[in-house]
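Work through the exercises below with the sequence and the model open. Try each task before reading its solution.

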Amino acid sequence: MSRSALVGNVTAMLEDAGFVVSDRCAIRPKSFDVAARRGPDLLLLKILGNIDAFDAQTGMEMRRLGTYLDATPMVIGLRTRNQDLEPGVVYFRHGVPVFNPDTAVDLFVEGVPPLVYAAPGGLYVNIDGDVLKDERKGRGWSLGQLASELGVSRRTVSKYEDGMNASVEVAIELEELFEGELTSAVEVFGGADELTEEDELDGSETEPEDEHMFSTLTRVGFTVHPTTRAPFKTVSEDDYEDRVLTSHSAFTRTAEKRARIMSSISQVARTRSVYFVDEARRETVEDTALVEREEVEGIEDADELRKLIRERAEA
């Protein structure tokens, strides 16, 4: 299956599941392919045939964007170089949850979350330690008795009850012993690693050609979060936590295409979008406001800029 067909299939599946899906980010650089929203859940999705193409820099960028936009980054893929991704299993690459389309259908369409995740050494599940302890005590078993049944140490059983995860084989054996479910779902929504302060600093460097726009946004009162692999240059927010996707360049065909993608993403992400240009022959590209650099020079604060963007987008 071609990557384009895979993206189309995943998009159709998300729409069937009730998501509103953005246009595909068919422009480079791109850390994600589509944004999708259902209710409060906003997803940033990278869709790959081979997940080995998902590198650390892209993972970091997706995690940053997830933080800035209150979104969950995810990768949907078919295989690694060595094997197909197993259905019902969540893998983690560079701090981002990864799973195959079958798992995505179960999660998004059927509402059945995955229970198994891959980690060094094999496949594991989350054991609900409190339930396990209650079941053990309800049987009148000591830690040692349960350890003997499982063929593990007493200390290992104690760790299971304290929240340590177990291999799939151990989990199956436990559920057979107690004739009930003891596992909890893998956290997928919000399951990406949180950014550290160092991670955020790593993404704060700006290119020389971007410095003027960034300093202008900062001057009028926006907090600016630079991006490196998105179809926009920054996610900027004011004191009211209103977010704006911003970019800048001469107004070329490529810039127009980028502005259209920004408009689509902003509709899904519930932000505004603005493209700063040297000279504009129109006021918008879809819902992305076009603002000439000279106009911005006379703007005093975030309210004024936000009003200008809103008026252009709604005209």
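Helices (H or I, at least four residues) and strands (E, at least two) are DSSP runs, numbered from the N terminus. The model is predicted: local features need pLDDT of at least 70, side-chain atom pairs count only at pLDDT 80 or more, and totals for chains, interfaces and linings use all residues. Residues are numbered from 1 along each chain as its sequence is written, and side-chain values use heavy atoms, with hydrogens and water left out.

**Exercise 1. Place Ile 76 and list its contacts.**

Step 1: find the element. Ile 76 lies in strand S4, residues 72-79.

Step 2: check burial. Buried means under 20% relative accessible area, exposed over 50%, partly exposed in between (1.4 Å probe, protein chains only). Ile 76 has a relative accessible area of 1%, so it is buried.

Step 3: list the contacts (heavy atoms within 4.5 Å). Leave aside neighbours within four places in sequence; Ile 76 then touches Val 10, Leu 45, Lys 46, Ile 47, Leu 48, Phe 99, Asn 100, Pro 101 and Ala 104.

Step 4: take a C-alpha distance. Ile 76 and Gly 39 are 37 residues apart along the chain, and their C-alpha atoms are separated by 21 Å.

**Exercise 2. Classify the aromatic pairs.**

Step 1: set the rule. Rings of Phe, Tyr and Trp (its six-membered ring) pair if their centres lie within 6.5 Å; planes under 30 degrees apart count as stacked, over 60 as edge-to-face and the rest as tilted.

Step 2: count. The whole structure holds 5 aromatic pairs.

Step 3: take Phe 99 and Phe 108. Their ring centres are 6.4 Å apart and their planes lie at 55 degrees, so this pair is tilted. Phe 99 is buried at a relative accessible area of 0%. Phe 108 is buried too, at 2% relative accessibility.

Step 4: take Trp 141 and Phe 178. The centres are 5.6 Å apart and the planes at 50 degrees, so this pair is tilted. Trp 141 lies in the loop between helix H4 (129-139) and helix H5 (143-150), and Phe 178 in helix H7 (residues 168-178), so the pair ties together parts 37 residues apart in sequence. Both Trp 141 and Phe 178 are buried.

Step 5: look for a cluster. Ring pairs join Phe 19, Phe 99, Phe 108 and Phe 189.

**Exercise 3. Which charged end sits over the ring of Trp 141?**

Step 1: set the test. NZ of Lys or CZ of Arg must be within 6 Å of the ring centre and within 35 degrees of the ring normal.

Step 2: apply it. The charged end of Arg 139 sits over the Trp 141 ring, 5.7 Å from its centre.

**Exercise 4. Examine phi at Glu 179 and Glu 286.**

Step 1: recall the background. Most residues other than glycine have a negative phi.

Step 2: take Glu 179. Its phi is positive, about 55 degrees, although it is not a glycine. Glu 179 sits in the loop between H7 and strand S10 (183-184). At 71% relative accessibility, Glu 179 is exposed.

Step 3: take Glu 286. Its phi is also positive, near 55 degrees. Glu 286 is in the loop between strand S15 (284-285) and strand S16 (288-292). At 41% relative accessibility, Glu 286 counts as partly exposed.

**Exercise 5. Describe the whole chain.**

Step 1: count elements. The protein chain has 12 helices and 16 strands.

Step 2: give the extent. Its C-alpha atoms fill a box of roughly 75 × 40 × 30 Å along the principal axes.

Step 3: give the burial. Of the 315 residues, 50% are buried.
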